[in-house]
Each structure stands twice: as C-alpha cells, then as structure tokens.
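Student: I am new to this structure and should like to be guided through it. May we proceed by question and answer?

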Amino acid sequence: MSPHDLDESRDLDLATSAFLAVRRRLFGIAYRILGSAAEAEDIVQETWIRWQATDRTTVLDSPAFLSTITIRLALNLAQSAHSRRETYIGPWLPEPVDTSSDPYLGAERGEALSLAVLLLLEKLSPAERAAFVLREAFDYPYSTLAGLLETTEANVRQLVSRARRHVAEEGHTAASTPDPARQTELLQTFLRAAQKGSVAELEGLFAADVVSLTDGNGMVSAASKPVIGYQRVAKLVASFASHFWTGVTVDYIQANGNPGALLSRNGSVIAFASVETTPEGISQIMWVMSPPKLALLANSRTGTPQQSLPSSSPGA
C-alpha cells in the first residue's frame, strides 16, 4: 500500500469512528423530527454519504457538523412527509421503535419520544417540531437553533413556546407523565380483557373520552377512523375478540420509552399496541398494524442486524 493509500485509509477510519460515535444521536434527532424510523434511517445513511464526501480538514467539530447535516436533511423531508400524510388511509401513527437498550434514544432526555407526543407534534409545522425536539430532548441553545433553522433567536423562542403550549394543552407535561408500573399494569389488564371480549371489564378500564387509533394504511383490516368514548371503544375491542386473538402471542416490550405489546401469530408480528393513561384510566389506545411500520420493531426483537454503514462510497 502506497503512503497516499495509507493516508486515505487512516482518514476514512477516523471519519468512520467520528460518525459511529454519534450515529445513535443522529438517528434520535431524525426520528423525532419525522416520526418514522425508516425515514430516519435513510437520513442517517445520507448523512454518512455526505460526510464521506466532505473535506474533513475544514471541520472543527465533527459531532456538530454531522448533527447539522442530519437536522437539515430531516427538515427538508418533513416538509414533503407532511403533505404525504394528508393522503394516508386512516389514522397515521408514528413508527414505534425499541428503546429497551437506549431509553432516551440518543438524547440527553426522553422528551418528544412517546408515540402520543410524537403524534401531537405532527400537528405542528416542521420548524416548530424541530425547534421543540432539539431544545427539549437535546438541549440545544437558542442561539444554535437560530442558525440551524435559519431564523432569529427571538423567532426560535416563539417556535419552542408554541410547541410547548400545544403539548401542554393536550395534557402532556412532566407532571402528567404516567407511572411506568401503573401503565404496564393497565396495558396488561386491557389486553387480557380484550382477549376475553368482556365489554364490562373494558369499560371499567377506560377514561370517559378514551380514543382508539388504528394505523393500517389500508393494508390490513383496521378501523379507518378514530373511535371515541368508553362505550364505543369497549364494543369495538370486544367485537374482534372471537377471531383476532386466535393463535396470538403477546410479547411485552419497551417502545418509545413506554410499555408496549408486540402481537405475533405463527412467528410473524401482526400488530403493536400501547396505551396512554390518566388517573381516570386508559385515555388512548394506539394500534400499529401497517406491516412496514412493524418491520424494524420485529427485527429488533429477533436480533436481525440493523443497517449501520453503506457498503460503498459515493459514486461507487
């Protein structure tokens, strides 16, 4: 190997090490902005490709540089994702991710990670969502956010303030964070009652204005609209007890920092279920049944290796 080739190899090794050191953080940023693990993975891969093509001798802070690429790519994709979801068939839910080994998913804190909060953030503009995520979960200074979002610091403060207000109005504050043990208990009790098809038991678990959301995107038999109210939701859940649960096994996991349940039949994952709770009981049930949204979560449970780095360099 020539000295030139040796220098190039060392440089690539250093670039790879710098990227892998922050890879989980990059994924956590993109995932929170987009609500999609598949799209976040694509963003991380594109960041790696651009990092390879960068003159790294000019980069003073590689983690900051890589984060900036990721944030801007995610923001650009969020603009088009917003319009695509307007044509989604039925309720759209974020893609659940396994957080058993990384409860904060690469962030300093676990904010903006639960499915319920990510769903709320979908109602915000991409800029509001990004500002909230980067401030609340990753503790970015307002001055840095202003540069990333190409606006003024005063405007960034307004973006974060509006997002915080929206989340708080929906009852999602630090003070309202449910007790994990209580949440797990209610989820398990709910699924047992669902399997029995007991309307009375189900009604007793629900808050009066409970909402059931099913994300199937027309690919599976699923409720195409939200179902609201404890009596209607109880009747809906009981109505599929006789056929849906046949041969189903339930694996309780941690997803998005909260208790969840992976439902499988004949070794294949068919659904993911999680609940939001209040002192009144279960306030929201989220069923993810769209196969593409279950793939990454299913792979994480079976030990299938996750994609890390592309196998080729740009232009190869």
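The exchange below concerns a predicted model.

Student: In what order do the six strands of the open sheet stand?

Tutor: The pairing within this sheet is mixed. Strands β2 (227-228) and β3 (248-255) each have a single partner strand, so one side of each is left without a neighbour in the sheet. With these two at the edges, the order is β2-β1-β6-β5-β4-β3.

Student: How many bridges join β3 to β4, and which residue is the bridge partner of Val 250?

Tutor: Strands β3 and β4 run antiparallel, and they form a hairpin with two residues between them. Eight bridges join the two strands. The bridge partner of Val 250 lies in β4 and is Leu 263.

Student: Is Asn 256 buried or exposed?

Tutor: Asn 256 is found in the loop between β3 and β4. The residue has a positive phi of about 55° although it is not a glycine. Residues under 20% relative accessible area count as buried. The relative accessible area of Asn 256 is 2%, so the residue is buried.

Student: Which residue of β5 is the bridge partner of Ala 261?

Tutor: Strand β4 (residues 258-265) and strand β5 (residues 268-278) run antiparallel, and five bridges join them. The partner of Ala 261 in β5 is Ala 273.

Student: At about what angle to β1 does helix α10 run?

Tutor: Helix α10 comprises residues 230-239. This helix lies across β1 (206-215), β2 and β6 (281-288). Its angle to β1 is about 45°.

Student: How are helices α5 and α7 oriented to each other?

Tutor: The axes of α5 (residues 126-136) and α7 (residues 153-169) come within 8 Å and cross at roughly 85°. Angles of 65 to 115 degrees count as roughly perpendicular. The two helices, α5 and α7, are therefore roughly perpendicular.

Student: How many nonpolar, polar and charged residues has the contact of α5 with α7?

Tutor: From α5, the contact includes Ala 127, Phe 132 and Arg 135. From α7, the residues involved include Leu 159, Val 160 and Arg 164. By class, the contact has seven nonpolar, no polar and five charged residues.

Student: How many residues of α5 are buried?

Tutor: Helix α5 is mostly covered. Among its buried residues are Pro 126, Glu 128, Phe 132 and Leu 134. Of its eleven residues, the number buried is nine.

Student: Which helix gives the most to the largest nonpolar core?

Tutor: The largest nonpolar core has 68 residues. Those with the most contacts inside this core include Tyr 31, Trp 51, Leu 121 and Phe 272. With eleven residues, the helix that gives the most to this core is α1 (residues 3-34).

Student: How many residues has the second, separate core?

Tutor: This second core includes Leu 187, Val 210, Val 275 and Ile 282. Its number of residues is 30.

Student: Does Asp 139 count as buried, partly exposed or exposed?

Tutor: Asp 139 lies in the loop between α5 and α6 (142-148). This residue has a positive phi of about 60° although it is not a glycine. At 43% relative accessibility, Asp 139 counts as partly exposed.

Student: What distance separates the C-alpha atoms of Ser 242 and Gln 195?

Tutor: Ser 242 lies in helix α11 (residues 241-244) and is exposed, with a relative accessible area of 63%. Ser 242 and Gln 195 are 47 residues apart along the chain. Their C-alpha atoms are separated by 7.9 Å.

Note on methods: Residues numbered from 1 in each chain as written. Predicted model: local features only at pLDDT ≥ 70, side-chain atom pairs only at ≥ 80, totals over all residues. Heavy atoms only, no water. Pairing = 2+ DSSP bridges. Helix = DSSP H or I, 4+ residues; strand = E, 2+ residues; numbered from the N terminus. Contact = heavy atoms within 4.5 Å. Axes fitted to C-alpha atoms, helices over the stretch in contact; angles between N-to-C directions. Parallel < 35°, antiparallel > 145°, perpendicular 65-115°, else oblique. Nonpolar A, V, L, I, M, F, W, Y, C, P; charged D, E, K, R; others polar. Core = buried A, V, L, I, M, F, W, Y, C linked by side-chain atoms within 4.5 Å. Buried < 20%, exposed > 50% of the residue type's maximum accessible area, 1.4 Å probe, protein only.
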